[in-house]
Structures are given as structure tokens and as C-alpha cells.
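Subject: Structure handover and notes

Hello,

Here is the structure I said I would pass on. My notes come after it.

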Amino acid sequence: MIPFARRLAVLAVFGALSTLGTLSTFSTSSAMAATAPVVSSRAVNTYLTEQDAAARAARVSHVAYVLDFTLTGKADFAATSRIDFDLTDASAPLTIDLDKANLTAVTVNGKAVAADYNQFFITIAGADLVAGRNSVVVQYTRAHSTNGEGLHRMVDPADGRVYTYSHFEPAAAHQMFALFDQPDLKATFELTVTAPADWVVVSTRRESSISAVTDNSTGSPSAATRRWSFPVSKVLSPYNFSLHAGPYKVWEDHSGPYPMRLFARQSVAAQVEPGDWFKFTKAGLTFFEQYFGVPYQWEKYDQLLVPDFLYGAMENAGAVTFGERGFLHQPPTTQAQREGLAGTIMHEMAHQWFGDLVTMKWWNGLWLNESFASFMGTMAVAEATEFKHAWLSFYSGAKQGAYATDQSLATHPIEVPVPSTANAFDNIDAITYAKGASTLMQLRHLLGDEVFRTGVHNYLQKYAFKNARLDDFIGSLGDAAGRDLTPWTRQWLYQAGVNTIAASYRCNAGKVSSFSLTQSAKASLPALREQRVQIATFRQSGGKLAVAAVTAVTYSGAVSAVPALIGSACPDLVYPNYQDWGFAKVQLDKKSFATAQASVAGVDDPLLRAMLWQSLWDGVRDGQLPLNDFIKTALANAPQERDYTLLGSELGMLGSAKHYLDAMQAAPAYANAIGTQLEETSWRAIEAHSDNSNFQRRWFSFYVNNASSRAALARLAGLLDGSLKVAGLEIGQDQRWSLITRLNRFAYAGSEALVTAERLRDKSDAGQAQALAATISRPDAATKQEWLARVQDQKTALPFSKVRVAIYSLYPVEQKALSEATAAARLASLAELDKVAGPVFMRSYTEMIPATCSAASVKRLDSAASSASFAQLSAGTRRALLTLREEDQRCVSISRAMTTGAPKS
């Protein structure tokens with residue numbers, strides 16, 4: 001984690017904070033001189049352990065915050081936190097979380113006290129507290145953060161305007177104000193903000209008043225400042241509260257059941273299409289209210305596009321934030337971009353009930369929040385928008401990530417302990433989101449749609465404005481179903497790994513004579529599970545695969561007989577997870593695999609077609625299908641693909657295949673031939689889809705991402721300077737930067753000057769980031785050394801958003817020699833960097849652990865994993881290293897499995 005800028009003493013602003021009450025205060029430094037500091041038993045670090053949180057929650061209840069912030073647009077802000085709460089006993093000290101602030105005064109129950117403050121939390125002596133109602137007031141200044149947490153500040157390079165927003169998950173609210181920063185101490189929030197007059201201020205509720213601020217020098221209302229007052233909120237966990245302020249552009253819509261607003265920076269407003277935002281938001285609010293049977297609780301629905309955001313979006317109650325980089329595009333947007341927007345809106349909206357209204361007790365429940373939102377968000381997109389194929393998108397995207405993770409060394413149970421807030425995001429991955437969502441989908445099929453919905457409704461109603469545990473949710477579903485779900489919970493939520501299912505059958509005289517479903521697991525993860533799936537059999541006819549029979553089966557154990565299929569026509573292909581009800585890896589029998597490889601394009605059902613493509617790609621990764629055979633099949637079939645979503649999946653597999661070829665350094669003649677085929681196939685597709693911008697832009701993106709020959713790079717240069725034009729293809733600002741970055745990655749003649757010229761043309765924050773990516777991706781040793789040093793420098797003033805761009809741009813796969821030049825040093829310094837950097841930084845930095853698809857690289861990672869320093873690494877960094885080692889070995893195995901037509905160098 002990049003350290004925050006040092007605090008500045010800004011004491012003059014505290015005159016505006018007097019509205020918080022008449023509690024007397026005096027200088028903290030004076031109080032410390034008069035009284036010895038209190039010694040706390042809590043460990044001195046920025047993280048809160050589950051044990052300490054539980055002990056505090058046992059003593060504290062009925063929390064109410066009264067917050068006052070003075071924001072000027074400068075690097076620091078001033079604030080006062082008043083915390084009112086009930087305390088069961090005053091026999092021991094009590095800690096209040098506040099990160100890296102400059103305390104001005106602390107009062108407890110009207111008395112100024114000596115605050116023992118270690119830059120992570122304040123310790124209040126038991127002698128200053130009372131059993132019953134207490135009030136603690138903390139006055140302080142603090143630097144805005146630049147890493148996307150706390151109260152983040154960004155200066156727009158395009159126009160100099162300053163924007164701020166808050167982000168608190170997980171447990172980062174103490175980077176903005178003094179509080180009990182744990183999810184089970186829910187509270188009300190009353191807020192006052194003094195800000196520049198041209199700013200708008202947004203929080204959980206709409207403001208109750210906006211008033212002028214008296215200028216102390218003249219006694220008249222100031223034209224430069226306004227004061228925003230917000231009424232008391234409903235009960236919320238601290239991480240669901242938020243504050244956002246700046247000169248945002250605002251769009252409003254009152255056509256739905258609740259008032260809706262959308263916010264974005266002034267300089268990017270032209271890229272926002274508010275019509276889609278309001279359309280999807282209104283549809284979602286109607287859908288969720290009907291499905292849950294519980295009204296939306298937060299009165300209005302605000303959504304803000306914010307810069308430098310760490311994640312995709314965040315479900316702040318009534319004021320959802322979205323990362324700009326995922327949702328700002330040069331119009332017109334593609335269908336994939338619009339579907340992505342709809343999916344993210346629905347995901348965060350589901351959280352307004354499941355997460356905000358009913359909240360986990362501790363961070364081990366974060367997976368259930370995210371899984372449920374992923375599941376319900378996809379359902380809402382499929383049923384409440386025009387994107388009826390949303391489950392296909394889920395299968396092809398998020399679910400494949402879950403399968404890959406669950407088969408890797410990075411796997412873990414869905415429900416895992418979280419010892420402290422330092423570990424809250426250790427297991428936030430594809431298992432948390434997509435496997436969890438898939439288990440909920442499976443549970444819905446197992447229990448029935450209406451039973452599942454009833455259980456969810458009862459849960460939300462019973463625990464509204466409260467905290468709940470996993471057992472509460474599962475118990476509600478079990479009560480609705482009239483069955484004990486404990487065995488299901490044990491199998492699915494507390495056991496890691498994915499099961500493989502396969503059809504085993506015999507035919508006689510053209511009919512199935514026996515049929516069973518087999519289930520297997522790794523020896524190291526032996527759990528077998530109960531699951532309900534559909535088995536479908538298919539016959540070939542006229543170049544097509546037609547459904548012969550479909551039957552639903554609830555299976556468990558190693559072998560389950562399927563008598564319903566006996567007597568049906570002997571199939572050419574069997575798929576034992578038809579329509580994707582289950583979470584299981586499908587292993588096709590030999591005949592079905594051959595049929596899939598030969599006839600995948602003849603499958604009319606897009607979801608089944610996607611599943612067969614995935615079986616082929618799994619065959620590559622599992623060593624059953626040589627990579628070059630897959631590439632041959634994909635090159636022959638992808639240009640025929642007529643489903644837009646599935647085309648994206650197929651091109652993604654082809655791109656991964658090309659990445660493997662680049663990493664393994666296949667024989668130059670073969671690699672060049674395949675590269676040329678990819679380029680020419682995609683270029684022809686670009687030209688062929690001049691009348692369909694969605695397909696054309698998907699092929700164009702693939703072409704740019706895989707262009708490497710001199711001829712292809714020359715085409716990119718021609719598109720950029722306008723000497724080459726393609727019917728229907730628009731080259732907007734996003735596309736210009738993608739072309740420039742690719743040209744620089746291969747040091748194309750004149751490409752360095754293109755960066756300088758385009759940076760002057762595009763002065764936006766996104767333009768700066770793209771220019772940075774283009775510069776760092778150049779195959780230049782000096783540039784690599786300079787930026788590696790800047791990335792590793794934990795004292796850099798560079799915003800983390802730019803550091804992350806540098807990390808992802810430093811070592812492209814084809815620049816193996818440049819990566820090898822610093823590989824040993826990067827590995828050697830990993831443990832020390834992991835000690836001083838936080839998890840936010842390390843989750844990105846581990847992308848630079850060197851893995852270059854060679855026996856030597858695997859051996860090097862083995863040595864790192866067996867070294868004494870490995871045990872000192874954080875859980876997330878250890879897992880990243882082991883996962884990369886495993887993938888490196890997979891790449892080596894794929895290379896060895898290549899058939900004679902594709903020799904390795």
C-alpha cells in the first residue's frame with residue numbers, strides 16, 4: 001500500500017465545526033502532558049482482528065455518528081467525528097479506529113481527555129467512560145488518500161477541477177473518520193459538509209438543506225463556500241455509508257419508483273450515456289422489489305462515476321460508485337459494454353438488500369454478499385433487460401474463472417475464516433463471486449424456484465437492518481424447503497475443489513442399454529457432492545446436432561444410475577450438464593469429444609455451443625488436445641460464429657492460445673505462420689462486418705491485441721494516420737490509444753513520437769494513463785529499470801492508479817529477455833516488499849512475478865516457494881506465487897504436447 005501524504009496542520013478551519021455541540025475541548029498535546037497515556041491490549045497495527053472486534057461488539061451497541069467535514073479541494077481535510085453509543089461496562093479501555101490523522105482534540109462525555117493515539121486507533125481509558133450512554137468527539141485533520149480508499153482526492157488534469165469520493169470496503173472507513181470500523185456495529189449517520197460553492201455533495205440520503213457560510217472576515221455570507229446538511233440515516237454498517245463531493249456533472253430522472261441521479265466528472269461527461277443508466281436502474285428497482293417482496297429502503301438511487309477506483313463498483317447505500325475505466329467509452333457503446341453496465345448496475349443494486357439492508361456479521365461473510373449479488377444480478381439482467389442471454393455471458397466469463405481457480409492450487413472453500421481485516425480480501429476471487437453464485441443457482445434448482453425465493457424473502461424480512469451469519473441464510477432456505485441443508489452446506493461451502501462428471505453408457509441395436517453418471521474428485525480434495533443437473537443426448541443429422549433426449553437427475557456419490565435414458569437413441573454426443581444447472585467440470589466421453597471437435601459450429605443452441613467450445617479448451621489445458629489442433633479448429637469456426645457473446649468467448653480462447661505460443665517461444669516458422677493466420681482471419685472479419693459495428697469492433701479489438709507482424713503493424717499505423725480506412729470502422733480516442741500502445745510495444749518506427757503528440761491531443765486522465773502504458777510497454781531496458789524502481793518505491797507520490805498501469809505494462813509476454821533481466825531481483829525482493837506494502841498494492845504487484853513458460857522458470861519458482869522467505873509472505877502473495885508456478889508448468893506441458901506440425905524452438 002502506498003503511504004498517504006503527511007498531514008498538514010490546518011487549525012483555522014475548526015471554527016466551522018462548532019455546530020456539533022457545546023462539548024468543551026482543548027489541545028490533545030496539553031492533555032497528554034497532564035496524564036499518562038492509556039496502554040491498550042489491542043495489537044498496534046492498522047488491522048482489526050475478529051477477536052478484538054467481537055470483544056468490542058460485546059460491549060458497544062446503539063451507535064450513532066454525527067460527522068462534520070470541511071473540504072477545500074486541497075490535499076488535506078478537517079473533520080469532527082462525534083460517536084454516541086451505549087457501553088455495557090467501563091472496566092476496561094475502549095478503542096476507536098482512525099488512520100494516520102493529526103488529532104486536534106478529543107473529548108469524552110464533555111471532558112477533554114488524554115488520547116493515546118498510535119496512528120491506527122485511539123484508546124479511551126475506562127475511567128473516562130461510563131456504563132450506559134457515552135459520547136466521544138474527535139477533532140482532526142487528515143490527508144486525502146490517493147490509493148482509492150478512505151476519502152480519495154483526484155485533480156483532473158484536463159481542467160484542474162478537484163473530485164473526492166469515499167470507499168470503505170473492507171474496513172477502510174477509519175481512513176476518513178473516527179469510528180468502530182466493523183460491520184456488526186451498525187449505526188445511524190448524521191452528516192454536515194462544508195465545501196466549495198460549485199461542488200455537489202452526495203451521501204446515503206439527500207441533503208435537507210444547503211446554506212451559505214459566513215465569512216469571518218466580513219461577517220457576510222461567503223460566495224465561495226456552502227454548507228450541506230444531511231438528515232440522520234437509517235441503520236447501516238460503516239462500510240455501506242459514503243460521502244462524495246466535487247463539481248460533478250449531474251443528470252436526473254424521476255420516471256421510476258424512486259428519484260435517480262447520475263454523476264460524472266465534467267471533463268468526461270460527453271462519454272456518458274445517461275439513458276442506459278436510468279433505463280437499467282429503473283428496471284432493476286422494479287425487478288428486485290417484486291422478487292424480494294421487500295421495498296427498497298434508501299429513498300433515492302444515486303450512481304457516481306469516479307476516477308482512480310480500485311474495483312468495478314461499490315454498493316454504498318443509496319449512492320453507488322463505479323470505476324470510470326470500466327464504464328466510460330467513446331460512443332456509440334457496443335452491446336458487450338452495455339450488457340456489462342447492466343450487469344454491474346444489477347449486481348450493486350442486489351447489494352442494497354443483501355449486504356446493505358441485511359449485513360454479514362464479520363468479513364468471512366463477504367463471499368455470501370458477493371455471490372448472492374452476482375447470482376441475483378445475472379438473473380435481473382436476464383429477466384429485466386434486453387440481454388436475455390445473460391446466463392451465457394456468466395457461463396463464458398465469470399464461471400470459467402471459477403472453474404480455473406477451483407482446479408488450481410489457489411482453490412479454497414467458499415466459506416473461510418478471516419482472522420483480521422488484513423485478511424478480508426485474501427479470498428476475494430472467482431470462487432467468492434462466481435463459484436458462490438453457481439452454488440446458489442444449483443441450490444435454486446435443487447429446492448425449486450419458488451421455495452428459494454420464499455427463503456430469501458423471509459431472510460431479508462427477518463434480519464432487516466441487522467447483521468446475520470451464513471447459518472441464518474441457509475436456515476431460512478431450509479425452513480422454506482422443509483429440509484435440513486446442513487449436509488449440502490458442508491459439501492459445497494466448506495469443501496474446496498470442483499468435481500468432474502462424465503456420462504458412462506452402452507448401446508445395443510442403436511439404443512442405450514445402460515447409462516450412469518460418474519462423479520470424481522482429486523485425491524487431495526475428495527469431497528463428492530449432491531447436485532441436480534440435466535443430461536442431454538444428441539444425434540447428428542444433416543450437419544447439425546439435434547437433441548434426442550433430456551432428463552433431470554439429482555445425483556450424489558461416485559456413480560448414479562440414469563434409468564430414464566435407457567431405450568433412447570444411441571447418441572453421437574452426451575452432455576451431462578445441459579443448460580448449465582450445475583457447477584461441475586464436464587469430461588466428454590471419447591465419441592462425444594470427437595463429435596464436438598468436428599461439429600461444434602453445427603450446434604444451434606448458443607449455450608451448448610459455448611459449453612462444447614469450453615470442453616475443447618479444457619482439453620488443451622488438460623493435455624488431451626494439442627494446442628495447434630485447437631487453433632486449427634478455432635480458426636476454421638470462429639469466423640462463422642453468429643452469436644456476439646460467444647464470439648467474444650471464442651476469440652478469448654484464441655487470444656489465450658496465441659499467448660501460450662508467445663510464452664513458450666514456439667518454432668519461429670510455425671509461430672509466424674499462426675500469427676499471420678490470426679491477423680488475416682481477423683482482418684477479413686473486420687472488413688466483412690462493415691454493416692454490424694458490434695461484430696466489427698469485437699474482431700478489431702482482437703486484431704489490435706494480436707498484431708505483431710510488420711504488415712499488421714503497418715496497417716495499425718495506417719488506421720491511425722487515416723491513410724487506411726475500413727468501411728464502418730470508426731477510430732475514436734479509445735481506439736487511437738490502443739493502436740499507439742500496440743505500435744510502441746513493438747517499437748514500430750515513429751511510435752514514440754506518436755505518444756507525445758497524442759498526449760497533447762488528449763489531456764484527460766485516461767489519456768495520461770494510456771500514454772503511460774504505451775511508454776512503459778516499449779522494449780527499452782532503461783525505461784523498464786526506471787519504472788520498476790518507481791513501482792517498487794513505497795514512498796512514491798504517484799497515485800496508485802498510475803502505479804497499477806505501470807505494473808500491467810512493464811513486461812509483455814513477447815519481451816522475455818527484458819523480463820529475465822530483472823526476474824531474479826524481483827523474486828528476491830518479493831518478501832521484503834510484501835512486508836511493507838499492503839494487500840491492495842500486492843494484489844496488483846504479484847502480476848510481475850516472473851513466469852516464462854520454461855523448465856528453468858518453473859524451477860526458479862519452485863526454489864522461491866521452498867525458500868525460508870516464502871513462509872513470511874502474506875496469504876495472498878503466497879497463493880499468487882503458487883498459482884503462477886502451476887500455470888507456468890501447465891504452459892510447459894502444453895508446449896510438450898504440441899504435435900509434430902508445431903515444433904518448439
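The notes below go through sheets, helices and a few backbone details in turn.

The model is a predicted one, and the values below were computed from it.

**Three-stranded sheet**

One open sheet has 3 strands in the order β3-β7-β6, and the pairing is antiparallel. Its edges are β3 (94-97) and β6 (116-117); each has a single partner strand, so one side of each has no neighbour in the sheet. The strand between them in that order, β7, is covered on both faces. F121 and T123 are buried on one side, and I122 and I124 are buried on the other.

The pairings on the two sides of β7 can be listed separately:

- β3 and β7 are antiparallel and joined by 4 bridges; L94 has I124 of β7 as its bridge partner.
- β6 and β7 (residues 121-124) are also antiparallel, with 2 bridges between them; here Y117 is the bridge partner of I122.

The hairpin of β6 and β7 has 3 residues between the strands, and one residue in the hairpin, Q119, has a positive phi near 80 degrees.

**Five-stranded sheet and its helices**

Another open sheet has 5 strands in the order β16-β17-β18-β20-β19, this time with mixed pairing. The strands at its edges are β16 (249-253) and β19 (313-314), each of which pairs on one side only. Between β19 and β20 (residues 319-323) there are 2 bridges, in the antiparallel sense, and A313 is placed opposite F322 of β20.

Which helices lie across these strands? One is α3 (residues 274-292), which crosses β16, β17 (260-264), β18 (301-306) and β20 and runs at about 140 degrees to β17. Another is α5 (residues 335-353), which lies across β18, β19 and β20 and runs at about 130 degrees to β18.

The loop between β18 and β19 contains D308. D308 is not a glycine, yet its phi is positive, at about 60 degrees. The relative accessible area of D308 is 12%, which means that D308 is buried, the cut-off for buried being under 20%.

**Strand β12**

Strand β12 (residues 200-203) also has both faces covered: V200 and V202 are buried on one side, V201 and S203 on the other. β12 pairs with β15 (residues 243-246) through 4 bridges in the antiparallel sense. Within that pairing, V202 has H244 of β15 as its bridge partner.

**Helix packing: α13 and α15**

Two packed helices are described by the angle between their axes and the distance between the axes. For α13 (residues 606-621) and α15 (residues 644-664), the angle is about 10 degrees and the axes are 10 Å apart. Angles under 35 degrees count as roughly parallel, and α13 and α15 are therefore roughly parallel to each other.

From α13, the contact takes in P606, R609, A610, W613, Q614, W617 and R621. On the α15 side are L646, E650, M653, S656, A657 and Y660. By class, the residues of this contact of α13 with α15 are 8 nonpolar, 2 polar and 3 charged.

**Other helices**

What does the length of α28 look like against expectation? Helix α28 (residues 875-897) has 23 residues and, at 1.5 Å a residue, should span 33 Å; its end C-alpha atoms are 33 Å apart, which agrees. The buried residues of α28 are T877, A880, L881, E886, D888, R890, C891, V892, I894 and S895. Note that E886, D888 and R890 are on that list.

S599 is part of helix α12 (residues 590-599). Is S599 buried or exposed? Its relative accessibility is 14%, so S599 counts as buried. Apart from neighbours within four places in sequence, S599 contacts Q540 and L545.

**Two further backbone details**

- E169 and P170 are joined by a cis peptide bond, with omega at about -5 degrees. P170 is in the loop between β10 (162-167) and β11 (187-196).
- C853, a residue other than glycine, has a positive phi near 55 degrees. C853 is in the loop between α26 (839-845) and α27 (855-866), and at 7% relative accessibility C853 counts as buried.

Regards

Terms used: Residues numbered from 1 in each chain as written. Predicted model: local features only at pLDDT ≥ 70, side-chain atom pairs only at ≥ 80, totals over all residues. Heavy atoms only, no water. Axes fitted to C-alpha atoms, helices over the stretch in contact; angles between N-to-C directions. Parallel < 35°, antiparallel > 145°, perpendicular 65-115°, else oblique. Contact = heavy atoms within 4.5 Å. Nonpolar A, V, L, I, M, F, W, Y, C, P; charged D, E, K, R; others polar. Buried < 20%, exposed > 50% of the residue type's maximum accessible area, 1.4 Å probe, protein only. Pairing = 2+ DSSP bridges. Expected span 1.5 Å × (residues − 1).
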